[in-house]
Amino acid sequence: MIQVEDVSFRAMKHIDLPYVLSNESAAYSHPWTQGNFRTSLNGADYCCLVLVDQRAVGHGILSSGAGDAHVLNLCVHPEQQGAGLGRKLLNHLLAQAAGRKVNSVFLEVRASNTAAITLYDTTGFNEIGRRRNYYPVDVGREDAIVMAKELF
Ligand SMILES: CC(C)(COP(=O)(O)OP(=O)(O)OC[C@H]1O[C@@H](n2cnc3c(N)ncnc32)[C@H](O)[C@@H]1OP(=O)(O)O)[C@@H](O)C(=O)NCCC(=O)NCCS
């Protein structure tokens, strides 16, 4: 298991995509596509990070504009989860948002995603709404919880 002190962050590059897609597929039931990541990498208002040890073990994507930011993706490979990496990655994204002088950070999370909701709760995010039947599941759909955190 990787130690949280040993990981660092750097900007995601197109060359990272094989590792990023591998981590994404391992961690999510409905992973982003390569096209989703390419759109983020090519967008001016996106902050795309990888969490690296020997190689990329996680990634985070933040978009910002008009005074707000959105955490669009937060992912740690399942073999490395539970060691503090997700919290470190989220805090780094929030620092990036603060550096862009945004007032509020928003995100959406599956209502069944207890680990992520607990992480967001304990990082100062509050539930501000729900989108009914927003996410696909294997059979049917589930709600998205919309959360927000004020930075300033
Ligand atoms: C959400 C995710 C990024 C968290 O990463 P992680 O490295 O496992 O998280 P950490 O070890 O830093 O734990 C942070 C906090 O999350 C919560 N948490 C983590 N795993 C948990 C679990 N199994 N059950 C309940 N809470 C949990 C705890 O509050 C924990 O803080 P603590 O260790 O101080 O108690 C990771 O589980 C993941 O990649 N999941 C799949 C992708 C995903 O769902 N992303 C979020 C989309 S909105």
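In the predicted model, the exposed residues Pro18 and Ser25 sit on the face of helix 1 that is turned away from its buried side. Helix 1 spans residues 17-27, and its buried residues are Val20, Asn23 and Glu24. Viewed down the helix axis, these buried residues fall within an arc of 100°, so they line one face of helix 1. Such spacing follows from helical geometry: an α-helix has 3.6 residues a turn, so residues three or four places apart point the same way. The packing partners of the buried residues of helix 1 are helix 2 (34-42), strand 2, strand 3 and strand 4.

Strand 2 and strand 3 also contribute to the largest nonpolar core, each with at least two residues. This core comprises 32 residues, of which Leu49, Leu51, Leu62, Leu89, Leu93 and Ala97 touch the most other members. At least two core residues each come from strand 2 (46-52), strand 3 (56-65), strand 4, helix 3, strand 5 (104-110) and strand 7 (141-150). Helix 3 gives the most to this core, namely 6 residues. For Leu49, when neighbours within four places in sequence are left aside, the contacts are Phe9, Ala11, Met12, His59, Gly60, His92 and Leu93. Leu93, one of these contacts, is itself listed with Leu49 among the core residues that touch the most other members.

Helix 3 and strand 4 also take part in the surroundings of the ligand. The shell around the ligand is made up of 20 residues, the closest being Gln81, Gly86, Arg87, Ala115 and Leu119. Strand 4 (68-76), helix 3 (85-99) and helix 4 (114-121) each provide at least two residues of the shell. The largest share, 5 residues, is that of helix 4. Sorted by class, the shell contains 11 nonpolar, 8 polar and 1 charged residues.

Strand 6 covers residues 126-136, and of its 11 residues the number buried is 0, so strand 6 lies largely in the open. Its pairing with strand 7 is antiparallel and runs over 7 bridges. One bridge joins Pro136 to Arg141, the latter in strand 7. In the hairpin formed by strand 6 and strand 7, 4 residues lie between the strands, and Gly140 adopts a positive phi near 90°. Strand 7 thus appears in two settings: strand 7 supplies at least two residues of the largest nonpolar core, and strand 7 pairs with strand 6, a strand in which the number of buried residues is 0.

Notes. Residues numbered from 1 in each chain as written. Predicted model: local features only at pLDDT ≥ 70, side-chain atom pairs only at ≥ 80, totals over all residues. Near = placed C-beta within 6 Å. Nonpolar A, V, L, I, M, F, W, Y, C, P; charged D, E, K, R; others polar. Core = buried A, V, L, I, M, F, W, Y, C linked by C-beta atoms within 7 Å. Buried ≥ 20, exposed ≤ 12 C-beta atoms within 10 Å, placed from the backbone. Contact = placed C-beta atoms within 7 Å. Arc of directions from axis to C-beta. Pairing = 2+ DSSP bridges.
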